[in-house]
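Reader: I should like to discuss the ligand site and the charged pairs of this structure. May we begin with the contacts of the ligand?

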Amino acid sequence: MNGEARRRLATRMKKAVSLVFRFRDQTGIRGFYRFAHGWRFADRAALINHLFVVHGFESYLEIGVRNRSDLYDRINATTKVGVDPDPTAEADHILTSDSYFERSDATFDIIFIDGLHTGEQVARDIANALKALNPGGMILLHDLNPPTALHAREEFEIDGAFPAACPQWNGSSWRGYAMHRKSDPGLEMYVVDVDWGVGFIRPGRQILYAGPAETYSDLESHRKEILRLITVREFLGRHPARPHAP
Ligand SMILES: C[S@@+](CC[C@H](N)C(=O)[O-])C[C@H]1O[C@@H](n2cnc3c(N)ncnc32)[C@H](O)[C@@H]1O
């Protein structure tokens with residue numbers, strides 16, 4: 001086998017391994033669906049790329065990037081901007097989301113919120129992102145459907161270490177989303193039950209959630225009403241591929 005063939009085989013194997021990990025390492029619906037850009041494993045990248053095709057979008061802002069290969073590089077946008085305060089992150093702007101929104105007046109078709117996973121920060125990221133949307137634009141968010149209280153803990157670490165028993169930290173991002181479910185009737189909001197809960201927000205109308213949304217036990221008792229959980233199929237029904245889409 002020559003060098004080129006070996007490289008191609010290694011790339012294929014890397015893709016297969018990463019798919020297996022993506023398949024295992026998430027909650028919610030798992031499987032392949034026909035998105036506007038083809039048959040894809042249902043995850044945050046598939047939902048976002050579907051919206052780019054269906055709505056003819058061009059620009060993308062990612063809040064919280066870490067490694068570009070995890071998501072940023074997988075998004076089919078003409079213009080992409082990534083923001084992350086960690087100097088080792090592969091972001092275009094090494095800034096917190098608050099500092100970025102303070103300094104920039106750029107606007108985007110899709111803003112993906114996946115930065116600091118605390119309720120207050122996510123609520124603020126949503127408010128700032130709404131002001132930075134192009135007309136017709138949309139916000140997506142990650143980690144809104146934590147399966148246990150441990151996944152939904154406020155702090156990333158416990159006693160100075162990341163708990164091995166819980167490979168994913170969803171944090172209290174759901175609480176920030178819930179603040180807008182309780183207070184802003186001028187939004188359309190729901191969460192697709194896939195990939196740890198992928199939230200969707202755009203200007204529109206909603207019946208506000210009036211119950212408690214402070215603790216994890218509030219989420220457990222009122223998960224469907226707080227999040228407005230929908231399936232991948234329902235998401236595809238709300239954003240049908242146009243006939244000319246590939
Ligand atoms: C879960 S990772 C992002 C993963 C990536 N978006 C993906 O889909 O795979 C969260 C990132 O948010 C960054 N972050 C932490 N605080 C932030 C803040 N205040 N503003 C923006 N990003 C922040 C962290 O440095 C970390 O790299």
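Author: In this predicted model, a polar side-chain atom of Arg-44 is found 2.9 Å from an oxygen atom of the ligand. Taken alone, the ligand exposes 610 Å², of which the protein buries 85%.

Reader: Which residue has an N or O atom of its side chain 3.0 Å from a nitrogen atom of the ligand?

Author: A polar contact requires a pair of N or O atoms within 3.5 Å. A nitrogen atom of the ligand meets a backbone atom of Ser-97, a polar one, at 2.9 Å. The side-chain partner at 3.0 Å from a ligand nitrogen is Glu-62.

Reader: How many residues of the shell around the ligand are charged?

Author: The ligand is surrounded by 17 residues, and Arg-44, Gly-64, Asp-84, Ser-97 and Asp-114 are the closest. Asp, Glu, Lys and Arg count as charged. The shell comprises six nonpolar residues and four polar ones, and the charged residues number seven.

Reader: Is Asp-43, which pairs with Arg-74 in a salt bridge, buried or exposed?

Author: The side chains of Asp-43 and Arg-74 form a salt bridge with an N to O distance of 2.8 Å. This pair links distant parts of the chain, 31 residues apart: Asp-43 is in the loop between strand S2 and helix H2, and Arg-74 in the loop between strand S3 and strand S4. Buried means under 20% relative accessible area. Because its relative accessibility is 2%, Asp-43 counts as buried.

Reader: How far apart in sequence are the parts that Asp-92 and Arg-68 tie together?

Author: Asp-92 and Arg-68 form a salt bridge in which the closest N and O atoms are 3.0 Å apart. Asp-92 lies in the loop between S4 and helix H3, and Arg-68 in the loop between S3 and S4, so the pair ties together parts whose separation in sequence is 24 residues.

Reader: Which helix holds Arg-124, the partner of Asp-98?

Author: The closest N and O atoms of the salt bridge between Arg-124 and Asp-98 are 3.1 Å apart. Arg-124 is partly exposed at 38% relative accessibility, and Asp-98 is partly exposed at 22%. Asp-98 lies in helix H3, whereas Arg-124 lies in helix H4.

Reader: Which residues are joined into one network by salt bridges that share partners?

Author: The count of salt bridges comes to seven. Salt bridges with shared partners join into one network Glu-120, Glu-154 and Arg-175.

Key
Residues numbered from 1 in each chain as written. Predicted model: local features only at pLDDT ≥ 70, side-chain atom pairs only at ≥ 80, totals over all residues. Heavy atoms only, no water. Near = heavy atom within 4 Å. Polar contact = N/O pair within 3.5 Å; in protein donor to acceptor, adjacent residues only side chain to side chain. Areas by Shrake-Rupley, 256 points an atom, 1.4 Å probe, with all protein chains shown as cover. Salt bridge = Lys/Arg side-chain N within 4 Å of Asp/Glu carboxyl O. Helix = DSSP H or I, 4+ residues; strand = E, 2+ residues; numbered from the N terminus. Buried < 20%, exposed > 50% of the residue type's maximum accessible area, 1.4 Å probe, protein only.
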